[in-house]
Amino acid sequence: MKKTERHCRIFKFEAEFSDNLRCIPMAVRRKLDLCGRKLRLQHWLELGDEQKMELLNWGDSELELHKLADRLKESCNEINRAIQEEWQQIDRVPGLIEEACLASKQPVPNLRQWQQLDELERFALLKLCSPGHSHSNSKSRGNLPLALREFLENKIT
């Protein structure tokens, strides 16, 4: 998989809605955070399939993210751009991950495993663990074991 394709993918644990994109994929949510835009699920659902795929396949270079922010400025609320977020850090496993794993009786990723994850995988894990997140009503915490298994099955322990 090319580096650019890694950040345009839909994870296996997202399979329940990937066929019709009825929820915002993690790859799109990460790009929105990086460019400082908040797209509500209601607005996502109003987009056509072609528009949803365009956002999913949108690049994540600094220039492309700037263009995405500009394109979405009329339809999305502005938020702080993601800079130095826990999912962008590889020097320690975030406490939120540890807490969520322990609460759901899942093994906590060790530092080496955390460092082997790509940024989108780290982003997804933290979003799945975030309390009160907009997807908490769609079994996000139930998807944590699936995501951990998907991301860590081939990682060195």
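Trainee: Is the crossing where α7 passes α9 left-handed or right-handed?

Mentor: Left-handed. Bear in mind that this is a predicted model.

Trainee: OK. Which residues make the contact there?

Mentor: From α7 you get Leu 96, Ile 97 and Ala 100. On the α9 side, the contact uses Leu 125, Leu 126 and Cys 129.

Trainee: And at what angle do the axes of α7 and α9 cross?

Mentor: Roughly 60°, and the axes come within 9 Å. Since angles of 65 to 115 degrees count as roughly perpendicular, that crossing makes α7 oblique to α9.

Trainee: Let's stay on α7. Which of its residues are buried?

Mentor: Ile 97, Ala 100 and Cys 101. Down the axis of α7 they fall within an arc of 100°, so they line one face of the helix.

Trainee: Why would residues three or four places apart point the same way?

Mentor: Because an α-helix has 3.6 residues a turn.

Trainee: What's exposed on the other side of α7?

Mentor: Glu 99, Leu 102 and Ala 103. Just after the helix, Lys 105 has a positive phi of about 60°.

Trainee: Back to Ile 97. What is it in contact with, leaving aside neighbours within four places in sequence?

Mentor: Pro 109, Trp 114, Leu 125, Leu 126 and Cys 129.

Trainee: Switching to the largest nonpolar core: how many residues does it have, and which touch the most other members?

Mentor: It has 40 residues, and Phe 13, Met 26, Ile 97, Leu 125 and Phe 151 touch the most other members.

Trainee: Which helix gives the most to that core?

Mentor: α9, with seven residues. Among the helices that each supply at least two are α3, α7 and α10.

Definitions and conventions:
Residues numbered from 1 in each chain as written. Predicted model: local features only at pLDDT ≥ 70, side-chain atom pairs only at ≥ 80, totals over all residues. Heavy atoms only, no water. Core = buried A, V, L, I, M, F, W, Y, C linked by side-chain atoms within 4.5 Å. Buried < 20%, exposed > 50% of the residue type's maximum accessible area, 1.4 Å probe, protein only. Helix = DSSP H or I, 4+ residues; strand = E, 2+ residues; numbered from the N terminus. Contact = heavy atoms within 4.5 Å. Arc of directions from axis to C-beta. Axes fitted to C-alpha atoms, helices over the stretch in contact; angles between N-to-C directions. Parallel < 35°, antiparallel > 145°, perpendicular 65-115°, else oblique. Left-handed = near helix turned anticlockwise from the far one by under 90°.
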